Amino acid sequence: MVDWTGLGHAYGAAWDVPALLNSLTPDPADEVWGELWSRICHQGSVYSASFAALPALADAAARWQPRQRAQPLALAGCILASTDCRDKSGRNLVEVFVRENHAVVRRFQELCQESLAQRGLTKEDFIYLLQAACSFDGDGFWGRKLDQLAGGEFSGICPRCGVDLYLVIGKYGYFATAEDWVSRGDSPGTLRPRPGVKLAPIESAQGALAPTAQWMYDRCVAAHQEELAVCVSFLFGTSECTSCRESFSLQDAIAEA
Ligand SMILES: [Zn+2]
């Protein structure tokens with residue numbers, strides 16, 4: 001049995017976590033998810049209770065249909081991709097958990113692969129599952145960054161001159177710019193670049209993709225997420241800084257941010 005009162009989360013002692021874990025539902029709009037996220041994965045920070053909650057998240061995901069698992073898997077993935085995870089004695093809690101709980105991590109990987117293979121997931125759920133799969137495979141970088149794809153824009157920094165970059169991939173187009181580009185589009189809810197803003201096109205990755213890119217691309221194609229497969233080829237592409245004119249790989253610029 002877990003002694004929850006001896007564990008902590010963002011707001012203090014974790015005595016209230018078991019009740020939340022017992023009332024999980026597959027409905028992502030259920031307020032229990034907000035309550036749980038804010039306690040155990042607070043803006044990317046994790047706590048001792050976060051790791052104690054992982055087996056229960058795996059149990060919930062396993063009870064539900066593959067198409068219903070985005071919340072528990074995304075939360076678990078976020079916890080395991082955290083970089084803000086050292087305890088008072090300086091131990092990296094993610095490394096400790098992974099070392100001592102191979103079976104739980106393996107279970108997350110299997111549940112997530114099964115969910116990713118489903119057709120007809122929303123684009124957002126698919127992105128969150130893909131991000132979680134990266135995290136479960138030990139790729140903390142994409143395990144932290146990939147969800148920005150759901151918003152159609154990544155934050156980057158020019159590796160050459162250090163300017164902040166907006167890397168737009170998806171519903172608003174495929175371009176990079178150092179300027180605030182957003183203006184309202186012609187129809188409600190759409191955006192388009194402001195007139196006069198300097199934009200650089202993103203060139204999609206050419207030729208053989210790097211293994212991570214190829215893996216993401218293949219998952220998208222297999223699940224008939226063709227639009228996201230195109231986004232992945234741009235995500236691993238290159239562009240030009242609109243400030244210093246130097247070309248850069250998007251992955252490098254995202255890593256700087
Ligand atoms: Zn630059």
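**Exercise 1.** Classify C244 as buried, partly exposed or exposed in this predicted model, then do likewise for C158.

*Solution.* Start with the relative accessible area of C244, which is 27%. The buried class ends under 20% and the exposed class begins over 50%, so C244 is partly exposed. Next take C158: its relative accessibility is 2%, so this cysteine counts as buried.

**Exercise 2.** Work out which residues bind the zinc ion, what geometry the site has, and which parts of the chain the pair C158 and C244 ties together.

*Solution.* First, list the donors: the SG atoms of C158, C161, C241 and C244 lie 2.3 to 2.4 Å from the zinc ion. Second, check the angles; among the four donor atoms they run from 107 to 112°, and the site is tetrahedral. Third, read the spacing along the sequence, C-x2-C-x79-C-x2-C. Finally, place the pair: C158 sits in the loop between β3 (153-157) and β4 (164-170), and C244 in the loop between β9 (238-240) and β10 (247-249), so together they tie parts 86 residues apart in sequence.

**Exercise 3.** Describe the surroundings of C112, a residue of helix α7 (residues 102-116).

*Solution.* Begin with accessibility: at 1% relative accessible area, C112 is buried. Then look beyond four places in sequence, where the contacts of C112 are L73, L129, A132, A133 and F136. For A133, 21 residues away along the chain, the C-alpha separation from C112 is 6.1 Å.

**Exercise 4.** Find the residues with the most contacts inside the largest nonpolar core.

*Solution.* This core has 75 residues, and the ones to pick are L36, F51 and L57. Helix α8 (residues 123-136) gives the largest share, eight residues. Now zoom in on L57: its contacts beyond four places in sequence include W33, L36, P72 and F108.

Conventions: Residues are numbered from 1 along each chain as its sequence is written. This is a predicted model: local features need pLDDT of at least 70, side-chain atom pairs count only at pLDDT 80 or more; totals for chains, interfaces and linings use all residues. Side-chain values use heavy atoms; hydrogens and water are left out. A nonpolar core is a set of buried Ala, Val, Leu, Ile, Met, Phe, Trp, Tyr and Cys residues joined through side-chain atoms within 4.5 Å. Buried means under 20% relative accessible area, exposed over 50%, partly exposed in between (1.4 Å probe, protein chains only). Helices (H or I, at least four residues) and strands (E, at least two) are DSSP runs, numbered from the N terminus. Contact means heavy atoms within 4.5 Å. Donors are N, O and S atoms within 2.8 Å of the metal (3.2 Å for Na, K and Ca); water is not among the atoms, so sites may look incomplete. Four donors count as tetrahedral if all angles lie between 85 and 135 degrees; four count as square planar and six as octahedral if opposite donors are over 155 degrees apart and all others between 65 and 115; anything else is irregular.
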